Amino acid sequence: MRSPDQLVTAFRSSGRKVTPQRERIFSILHDNPSHPTAESVHAAVVADMPSVSLRTVYATLHELAEMGELRQLQLGTGSARFDPNVGDHHHLVCDDCGAVQDIGARFPGVRLDPDNPYGFVADATEIVFRGRCRDCLATETHPMRNKQQGATPHG
Ligand SMILES: [Zn+2]
Ligand SMILES: [Zn+2]
């Protein structure tokens with residue numbers, strides 16, 4: 001995703017409206033490694049701008065995705081996650097707390113056979129590593145561990 005200033009210019013030049021609310025959303029997402037949900041972006045926006053609706057947040061996220069500035073990911077964590085990192089990368093997904101982290105990985109052996117029976121041509125391959133994050137592993141050894149408390153994303 002480009003910088004908030006560049007996005008303002010890009011939005012304007014594509015005939016889209018730039019409001020202070022949208023600028024706030026741009027800056028929340030910029031360099032944000034937490035793969036936030038629309039709900040968590042909304043929570044961050046209303047901290048400064050209580051009148052912003054979740055609908056406005058969704059609309060802005062979808063416009064950014066349409067413009068190729070943001071990737072929408074379905075990682076099996078419940079809600080869609082939004083990723084400002086549109087470069088080539090893969091994800092670590094914590095099954096306990098839903099934390100999502102970027103990871104580089106090489107897998108030269110994973111290739112679709114060009115003679116596959118579907119005649120399918122793959123443009124991209126994405127790998128999701130599922131397991132538990134460092135924070136969840138640390139609490140796991142704690143005798144008072146409670147599964148319910150582990151449901152808060154660590155970011
Ligand atoms: Zn975790
Ligand atoms: Zn990512």
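Donors here are N, O and S atoms within 2.8 Å of the metal. In this predicted model, the donors of the zinc ion (ligand 1) follow the spacing C-x2-C-x35-C-x2-C along the chain. Besides the zinc site, there's an open sheet of three strands to look at.

**The zinc site**
- Four sulfurs hold the zinc ion (ligand 1): Cys94 (SG), Cys97 (SG), Cys133 (SG) and Cys136 (SG) coordinate it at 2.3 Å.
- Cys94 sits in strand β3 and Cys133 in the loop between β5 and α5 (134-140), so this pair ties together parts that are 39 residues apart in sequence.
- As for the geometry, the four donor atoms around the zinc ion (ligand 1) subtend angles of 104 to 116 degrees, which makes the arrangement tetrahedral; the cut-off for that label is all angles between 85 and 135 degrees.
- For reference, the ideal angle for four tetrahedral donors is 109.5 degrees.
- Check the surface and you'll find that Cys94 and Cys133 are both buried.

**The sheet**
- Read across, the strand order is β4-β3-β5, and the pairing is mixed.
- β4 (100-103) and β5 (128-131) are the edge strands; each has a single partner strand, so one side of each goes without a neighbour in the sheet.
- From one strand to the next, the twist averages 25 degrees.

**Where β3 meets β5**
- β3 (residues 90-94) runs parallel to β5, and the two pair over four bridges.
- Within β3 and β5, look for His91, which stands opposite Val128 in β5.
- Strand β3 also brings Cys94, one of the residues that coordinate the zinc ion (ligand 1).

Key: Residues numbered from 1 in each chain as written. Chains lettered and ligands numbered in written order. Predicted model: local features only at pLDDT ≥ 70, side-chain atom pairs only at ≥ 80, totals over all residues. Heavy atoms only, no water. Pairing = 2+ DSSP bridges. Axes fitted to C-alpha atoms, helices over the stretch in contact; angles between N-to-C directions. Donors = N, O, S within 2.8 Å, 3.2 Å for Na, K, Ca; no water. Tetrahedral: all angles 85-135°; square planar, octahedral: opposite > 155°, others 65-115°. Buried < 20%, exposed > 50% of the residue type's maximum accessible area, 1.4 Å probe, protein only.
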